[in-house]
Every structure is written in C-alpha cells, then in structure tokens.
Amino acid sequence: MPQTPESESAGDAGLFAAAVHAKVGEDGVYVVADPDDGTIDVYNHGLRLDSNRLSFDLPDSVTLGDSRADEADDHLLGERLDTLMTFLDKAPRTDRPQSESAPAAAPRAADENTLPPLFATDFWPGLFVGAFAALHVTSTALPACCLAACWPGGAQ
C-alpha cells in the first residue's frame, strides 16, 4: 500500500498498521509494503514475538532492499517478503504477547482544509485599510474632476 503524505495516515506506516489492526480487531504481525519506494515495515500487535527484534534486528535487505531491489521495477517485494516470513518463523517467542506502542494520531484532513470564519483574522484590518484607500482615492480624484470641469477649456 503506497504511503503518501496526503493519505489519512499522513504517510506514517505505523499509524496505518495500527488503524488496520483496530479495524480488523485481530492480533498479528502487520506488514506494510510500499510498492512506490520499496520499503517494508513490520509491526507486532499482540503476538508472542519479540517486538524489539522485529524493530531493530530485521535486515536492511528486507526493510529497505539492496542494489538489486533498487534496480528492479517491483523492488523485489515478493522475494523480500519471503525472506521476512522466514525471519518471522525463526524469531524467538516470548512468554507474553507484545504490541507496538500506539502511534500519534494523524492530523485530520478536515482540520487542515477548514477555512477560518469570514469575520476572523484579517477581516477588520482589511476593511479599515480598504475604507481608508477608498476615501483617499475619492478625496484626490473628486477635486481633480471638479477642477477639470470648472477650468476654462478643461471640459469640452
């Protein structure tokens, strides 16, 4: 699943995995494989696996890929996911289930695109400046028009 900054998870794979876990409601290892950049992120939610080992001991050749993966169109995601499954199969089990810490909530799209009320922020200062500019233009243009109309030979 591509993780873009415009998505509901704001491009955060951990937040996406936590949301899927909350929606599915089942314990498991949640894997977020991004086909755009070829990254693989792994999150343990409630299984008896060492979460620290998943976070820190997973080889970079699995999570980020190597030079062959960079050159391949599919980033060799299939091969790397097979390697991940082997890694998970060999991972030591713990006495109690472990889970990832809860990620921070993503910003709400509605909050990012909400416009301020009409009479908030710069409305009143803008109204004052606009009224002052209109008064200034009127006070300089009106005498000039009157002078041109009254001047002999000014208005034909």
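Helices, which are runs of at least four residues in DSSP class H or I, and strands, which are runs of at least two in class E, are numbered here from the N terminus. In these terms L76 sits in the loop between α4 and α5, one of the places described below.

**Overall architecture and confidence**

The model is predicted, and its protein chain contains 7 helices and 3 strands, arranged along the sequence in the pattern α-β-β-α-α-α-α-β-α-α. The mean pLDDT of the protein chain is 81, with 85% of the residues at 70 or more. Confidence is highest in helix α5 (residues 77–90), at a mean of 91, and lowest in helix α6 (residues 109–112), where the mean is 63.

Of the 156 residues in the protein chain, 24% are buried, and the accessible surface comes to about 11000 Å², 60% of which belongs to carbon and sulfur atoms. Among contacts with a sequence separation of 6 or more, 58% join residues that are 24 or more positions apart.

**The nonpolar cores**

In soluble globular proteins, nonpolar side chains tend to be buried together. The largest nonpolar core of this model has 12 residues, including A33, I40, V42, L54, L84 and F87. Strand β2 (40–49) and helix α5 each supply at least two residues of this core, and the largest share, 4 residues, comes from α5. Within the core, L54 can serve as an example: apart from its neighbours within four places in sequence, L54 is in contact with V42, N44, F87 and L88. A second, separate core has 5 residues, among them A13, A17, Y30 and Y43.

**Helix α1 and the loop that follows**

Helix α1 (residues 13–24) has 12 residues and spans 16 Å from its first C-alpha to its last, close to the 16 Å expected at 1.5 Å a residue. Its residues A13, G14, L15, A17 and A18 are buried, and the buried residues of α1 pack against β1 (28–33) and β2. The loop between α1 and β1 holds G25, whose C-alpha is 9.9 Å in space from that of H45, although 20 residues separate G25 and H45 in sequence.

**A salt bridge between α4 and α5**

How many salt bridges does the model contain? The count comes to 1 salt bridge, formed by R68 and E79, whose closest N and O atoms are 3.3 Å apart. R68 belongs to helix α4 (residues 67–71) and E79 to helix α5, so the pair ties together parts that are 11 residues apart in sequence. E79 has a relative accessibility of 44% and therefore counts as partly exposed.

**Loop residues compared**

The loop between α4 and α5 also holds H75, which has a positive phi of about 55° although H75 is not a glycine. L76, likewise a residue other than glycine, has a positive phi near 55°. Are these two residues buried or exposed? H75 is buried at 13% relative accessible area, and L76 is buried at 14%, each value being under the 20% that marks the limit for buried residues. G25, in contrast, has a relative accessible area of 53% and is exposed, since the value lies over the 50% cut-off.

| Residue | Loop | Relative accessible area |
|---|---|---|
| G25 | between α1 and β1 | 53%, exposed |
| H75 | between α4 and α5 | 13%, buried |
| L76 | between α4 and α5 | 14%, buried |

Key:
Residues numbered from 1 in each chain as written. Predicted model: local features only at pLDDT ≥ 70, side-chain atom pairs only at ≥ 80, totals over all residues. Heavy atoms only, no water. Buried < 20%, exposed > 50% of the residue type's maximum accessible area, 1.4 Å probe, protein only. Contact = heavy atoms within 4.5 Å. Areas by Shrake-Rupley, 256 points an atom, 1.4 Å probe, with all protein chains shown as cover. pLDDT = per-residue confidence, 0-100. Salt bridge = Lys/Arg side-chain N within 4 Å of Asp/Glu carboxyl O. Core = buried A, V, L, I, M, F, W, Y, C linked by side-chain atoms within 4.5 Å. Expected span 1.5 Å × (residues − 1).
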